[in-house]
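Open the structure in your viewer and keep the selection box ready. We will go stop by stop.

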Amino acid sequence: MNRKILFLLTLILLFGSNCRKKTEEVVFPEKLYVIPFANNTVSVYHSLDTLERVSALEKDKYWVVSGILKLVPKNQDEKVISFLFGDCDSRFQCADGKFYIKLNTIQFNADSGLDLPSNLVAPYSAVYIAKKDQVDSIIEGIQFYNQPSTEYPTKGLNDSFVSHLIETIKSLRKDDRKEFLIPFYVLQKMISTKGNVNFPEFNLSTYKISSTLQSIMDAKTNGSLSSITFPTPVSDKQLKVLEELVEETRKERIFNLMNVEKSWQTIQKEYKELSLVPDTKQKVLESILKSAEFKVMGREGITQINGVDAKQENGVKLQKNKTTGNLEIVSSNTSLNTFEIVESEILPNTEDSVKIRLKNVSGEELNLESIGIPKAFKGAETLKEYVKTIPKTIDEILSDASNIQRAAMNAALRFGTGKFDRESGNYIYEIQNVNVVLALFKNNSVFSASDSEYSQEVSSSFDEVTITKYYQKYDKATKVQTLFLNYEIGGCARECYSDPYPDNLCFTTGDSLVVKFTPSDLEATSEVEVKFSAAKSNYCNYPFKE
């Protein structure tokens, strides 16, 4: 596509919402196609003068609208809205044979048909824009994504679609990623290595997996991989990004298991669930075996193994079997020799040790009991050690922290009370110290005030909300401290408006500031949640958002 046209189109889409001046139409050098990323309802218009809706494409399975000729911008109030203009689809009644599809930048996905910069791509794009020769491959990709049981396209997935798919996965909450991410990643690794990648103890039964992945796994199991025709894999760059996303999931699961004080029953349950992520359970098992000495239960000829140092007495070596990918225990003791682990289980325990049951290929068991708690299980010690590093005063905490979330988490651990909540997987702490709460509230990206300041004019906007003022009051008689927030909500329809919301109570003596964080947030705070427990308005929490 002509570079000048691409550049102009980019400017229109990127700056259209802030532009007051009439923008020129952009004529495409060839007819383009509109394809939904998912089954969406998209409004179709006959006229831009009245914006009368002709019809709507309502959940029509993988519909395609052909004949998009140009992009037409229209001034509406204080902004410019862009429309795709084209030949009327046969399903619509268009008086002059033409129609318009409203195109918001938050819906727009830059397929290779337009090759626009990725900063215009929204995580959940409603539509794809494509050239004629791309339509079939993109529809195949969308079908594969929406219906994981669908066969993987024999020619591989459209490169642009894969890039968009990866961005979509990255935008999901961590808990929601694994449903599609893990099996998709496994499939790509199997394809790129012709089925030779090993993921020990990896269980696909809980996933909606593609028939292609299932057939490869089955063929690998029964030794008929040579009969499988492998499609074209994703690019090395895309596979690397998938690996990084899986590694994030892997690290978080390992950290949450090994660094939180839990009952052995809980550890047993969570250890079993580690097999949902490739190689995770094996990595944990290896770290346990490498960080303790173990008594060998019920086996003649060998009573103890040392996984800490292979050179010491009873020392064993831990290695990965190159063919199967399974972890092996290698000992010079003939009663053990090489024990290839195909199954592992942590057993319930009430003692100060870890009990593990291992099985090899032939079903033979090896039962181990650690001498003391393996160092891999740091438990509450991790948190205790972290707390030792937190400064003693709130002023030092604020100056030492990289952001308000880190400061709030550190303040909660230093001045608050709380514990690890097993059901949610979060540490939940409450701060009731008024001075600490006020210091956190007033020192962030929204405000910056000293302790002596009791009010401040503010102009910080969040979407359609603008915080205009904060102020605090102290009642000498009751010794009650209160914190208020004034804000206004504005917008533009036919005319612009602004509605003030004064005196919204955010905090008073006796309330608390609740801080929630995961064990992995002790290393990097990106998911920390900070909220007033009894605020009259949710906007009181905005100063704690980054």
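**Stop one: a lysine and its partner**

Select Lys290. Lys290 is partly exposed, at 42% relative accessibility. Remember that you are looking at a predicted model. Now add Glu286. The side chains of Glu286 and Lys290 meet in a salt bridge, 3.2 Å from N to O. Glu286 is partly exposed too, with a relative accessible area of 24%.

**Stop two: a helix over a sheet**

Glu286 falls within helix α8, residues 280-289, so select that whole stretch. Helix α8 lies across β11 and β12 and runs at about 20 degrees to β12. Next, show the sheet. Its 3 strands form an open sheet in the order β11-β12-β13, with antiparallel pairing. The edge strands are β11 (317-320) and β13 (338-340), and each pairs on one side only. From one strand to the next, the twist averages 25 degrees.

Zoom in on β11 and β12 (residues 327-330). They pair in the antiparallel sense over 4 bridges. Pick Leu318: Ile329 in β12 stands opposite.

**Stop three: a linked trio**

Select Glu243, Glu247 and Arg250. A network of salt bridges links them. Between Arg250 and Glu243, the closest N and O atoms are 3.5 Å apart. Is Arg250 buried or exposed? Arg250 counts as buried, because its relative accessibility is 4% and the cut-off is under 20%. Glu243 is partly exposed, at 25%.

**Stop four: a link between distant parts**

Finish with Lys208 and Glu179. Their side chains meet in a salt bridge of 4.0 Å, N to O. Lys208 sits in the loop between α4 (174-192) and α5 (211-222), while Glu179 is in helix α4, 29 residues apart. Lys208 is exposed, at 56%. Glu179 is partly exposed, at 42%.

Definitions and conventions:
Residues numbered from 1 in each chain as written. Predicted model: local features only at pLDDT ≥ 70, side-chain atom pairs only at ≥ 80, totals over all residues. Heavy atoms only, no water. Pairing = 2+ DSSP bridges. Helix = DSSP H or I, 4+ residues; strand = E, 2+ residues; numbered from the N terminus. Axes fitted to C-alpha atoms, helices over the stretch in contact; angles between N-to-C directions. Contact = heavy atoms within 4.5 Å. Buried < 20%, exposed > 50% of the residue type's maximum accessible area, 1.4 Å probe, protein only.
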